Amino acid sequence: MTAPTTTRIPAFRGDVITPDRNGYDDARAVWNGNVDRRPRLIARCNGTADVAAAVRFARDCDLEVAVRGGGHNVAGTAVCDDGIVIDLSAMRAVTVDPLERTARVQGGALWGDVDHETQAYGLATTGGIVSHTGVGGLSLGGGIGWLMRKHGLTVDNLVEAEVITAEGDIIRASANDHPDLFWALRGGGGNFGVVSLFRFTLHPVGPTITAGPVFWAAEDTTDVLRFYREFVTDAPDELGNVIRLGTIPPLPGVSDELHFRPAIAVASCYAGPVEDGERAIRALREFGRPLVDLVGPTLYVDHQGGIDDTVPHGWHYYWKATNLTYLPDEVIDIIAEHAYDAISPRSYAAIFHMGGAVARAPRYATAYSSRDVEYNMSIDAVWLPQQDDTVGTTETTWARKFLAALQPHGAGVYVNFLDCDDDLSRVREAYGDDAYWRLAEVKAKYDPENVFHNNKNIQPRSPAQ
Ligand SMILES: Cc1cc2nc3c(=O)[nH]c(=O)nc-3n(C[C@H](O)[C@H](O)[C@H](O)COP(=O)(O)OP(=O)(O)OC[C@H]3O[C@@H](n4cnc5c(N)ncnc54)[C@H](O)[C@@H]3O)c2cc1C
């Protein structure tokens with residue numbers, strides 16, 4: 001890499017933030033406070049033209065490149081040391097076409113931006129369950145959320161993307177334009193270029209829905225999980241569920257004496273009429289002796305931001321993840337044995353219920369191909385920045401041991417839940433061999449030099465290889 005003699009980016013109208021500038025430390029910080037990288041410059045883009053200018057500058061100066069969407073990836077791949085960050089955080093516009101039922105979303109938008117604009121029309125698309133997560137990284141990795149069983153993954157709702165290639169060219173990818181790239185973008189992550197604009201299909205949702213979590217004592221975990229796996233067997237597509245194992249967070253409606261008590265929760269979201277939702281969730285709420293039940297009519301947009309404060313920016317995080325085809329007794333036993341071994345009351349594990357529209361799409365319709373698993377699990381170690389390193393060590397050890405115990409039952413992994421270092425060898429596992437090699441060929445066509453490698457990287461491989 002040759003050091004650029006200037007930080008003036010030709011044809012760039014955004015902000016260039018260098019280490020000597022006020023605000024540099026804020027600009028290089030990402031969601032995971034455990035990530036501490038020092039880029040040579042941060043090119044905060046105002047629009048597509050700036051992104052293209054920044055990519056060309058990086059290429060001409062042979063700079064290490066990182067692309068920042070919402071800055072939320074646990075691995076911190078949105079920033080790099082000693083290179084350029086192509087920062088989309090100022091590109092958050094969302095424009096809804098209520099007649100066409102689509103939204104145009106800039107590449108640096110957060111899910112809260114999308115929900116805010118789309119819900120003004122009573123519309124939504126599948127997005128993440130924490131509103132400060134970025135649209136960019138989440139969409140390019142697949143996109144799981146409350147609405148997926150009814151409306152498919154985020155990638156199933158992607159109609160078109162505007163992409164800046166490694167050469168700095170601006171192209172469109174859709175079913176008709178660059179269909180190979182369009183396939184790869186829907187699950188292959190940030191490997192193929194910078195997406196400055198997404199266009200998504202929208203669906204009528206809410207604005208009021210039935211949603212919320214029910215908590216039971218940790219001692220009830222085995223019983224709750226055995227009940228739950230039967231409960232979801234006939235669940236309607238409208239019903240999205242996430243199991244959370246850890247402690248009860250201090251959410252509104254939770255009394256003080258329950259804060260941080262070890263507990264299992266099932267959080268639900270019914271994407272249909274409020275009364276149908278009440279009926280669909282009733283059996284779950286009536287099971288056993290819940291400690292607290294927060295299910296009720298709520299605005300979809302509020303539900304989407306409901307757990308934001310349990311995972312704020314700046315805390316330290318370390319994740320492990322696996323897909324599970326089913327919840328047999330032996331897996332339930334492993335979960336019950338390990339889930340509450342974390343020392344930090346903020347650490348937790350989450351299990352998303354898949355199926356529905358996700359499973360009905362053909363396996364290789366998109367690069368995201370883990371459509372046949374019923375559960376997607378992440379084990380999330382969380383500790384505070386002021387806590388000493390031993391806490392981090394204890395929590396990461398907990399997450400690793402938990403995953404190791406589950407691994408004989410694992411069935412692939414969601415690429416967006418992979419952490420750095422010890423997880424990078426698992427990228428191929430996220431896709432399976434067929435999808436991985438197809439992705440490698442698309443990579444060879446659109447980014448043969450692997451300019452975009454600060455991500456869950458797919459190495460370019462031409463068909464001849
Ligand atoms: C608290 C929390 C909750 C989450 N919940 C969910 C969930 O409900 N569902 C789910 O599916 N995932 C979820 N995730 C995982 C999430 O999908 C990933 O962390 C994702 O990478 C976040 O996207 P981002 O744009 O914020 O990431 P960033 O850190 O900004 O980017 C990650 C990578 O994505 C690429 N990238 C980002 N934007 C672009 C772009 N516009 N063009 C090209 N490449 C880009 C880059 O390669 C970058 O290195 C969650 C993560 C967190 C931390």
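**A ligand shell and an open sheet**

Student: How do the residues of the shell around the ligand divide into nonpolar, polar and charged?

Tutor: Happy to start there. This is a predicted model, in which local features need pLDDT of at least 70 and side-chain atom pairs count only at pLDDT 80 or more, while totals for chains, interfaces and linings use all residues. Residues are numbered from 1 along each chain as its sequence is written, and side-chain values use heavy atoms, with hydrogens and water left out. Ala, Val, Leu, Ile, Met, Phe, Trp, Tyr, Cys and Pro count as nonpolar, Asp, Glu, Lys and Arg as charged, and the others, Gly among them, as polar; the shell then divides into 16 nonpolar, 18 polar and 1 charged.

Student: Which of the 35 residues around the ligand come nearest?

Tutor: A residue is near a molecule if one of its heavy atoms lies within 4 Å of it. Of the 35 around the ligand, those that come nearest are G69, G71, T77, I144 and Y414.

Student: What is the distance from an oxygen atom of the ligand to an N or O atom in the side chain of N73?

Tutor: Polar contacts here are pairs of N or O atoms within 3.5 Å. A backbone N or O atom of H72 lies 3.1 Å from a ligand oxygen, and a polar backbone atom of N454 is 3.2 Å from an oxygen of the ligand. For the side chain of N73, the value is 2.9 Å.

Student: How much of the ligand's exposed area does the protein bury?

Tutor: Accessible areas come from the Shrake-Rupley method with a 1.4 Å probe. Taken alone, the ligand exposes 940 Å², and the share buried by the protein is 97%.

Student: Which element gives the largest share of the shell around the ligand?

Tutor: Helices (H or I, at least four residues) and strands (E, at least two) are DSSP runs, numbered from the N terminus. Those giving two or more residues to the shell are β3 (65–68), α4 (135–141) and β10 (194–201). The largest share, 4 residues, comes from α4.

Student: What is the order of the open sheet of 4 strands?

Tutor: Two strands pair if DSSP finds at least two bridges between them. Strands β2 (residues 41–44) and β4 (residues 84–87) run parallel and are joined by 4 bridges, and I42 has V85 in β4 as its bridge partner. With mixed pairing, the order is β1-β2-β4-β3.

Student: Where is P207 found?

Tutor: The peptide bond from G206 to P207 is cis, with omega near 5°. P207 sits in the loop between β11 (203–204) and β12 (208–217).

Conventions. Polar contact = N/O pair within 3.5 Å; in protein donor to acceptor, adjacent residues only side chain to side chain.
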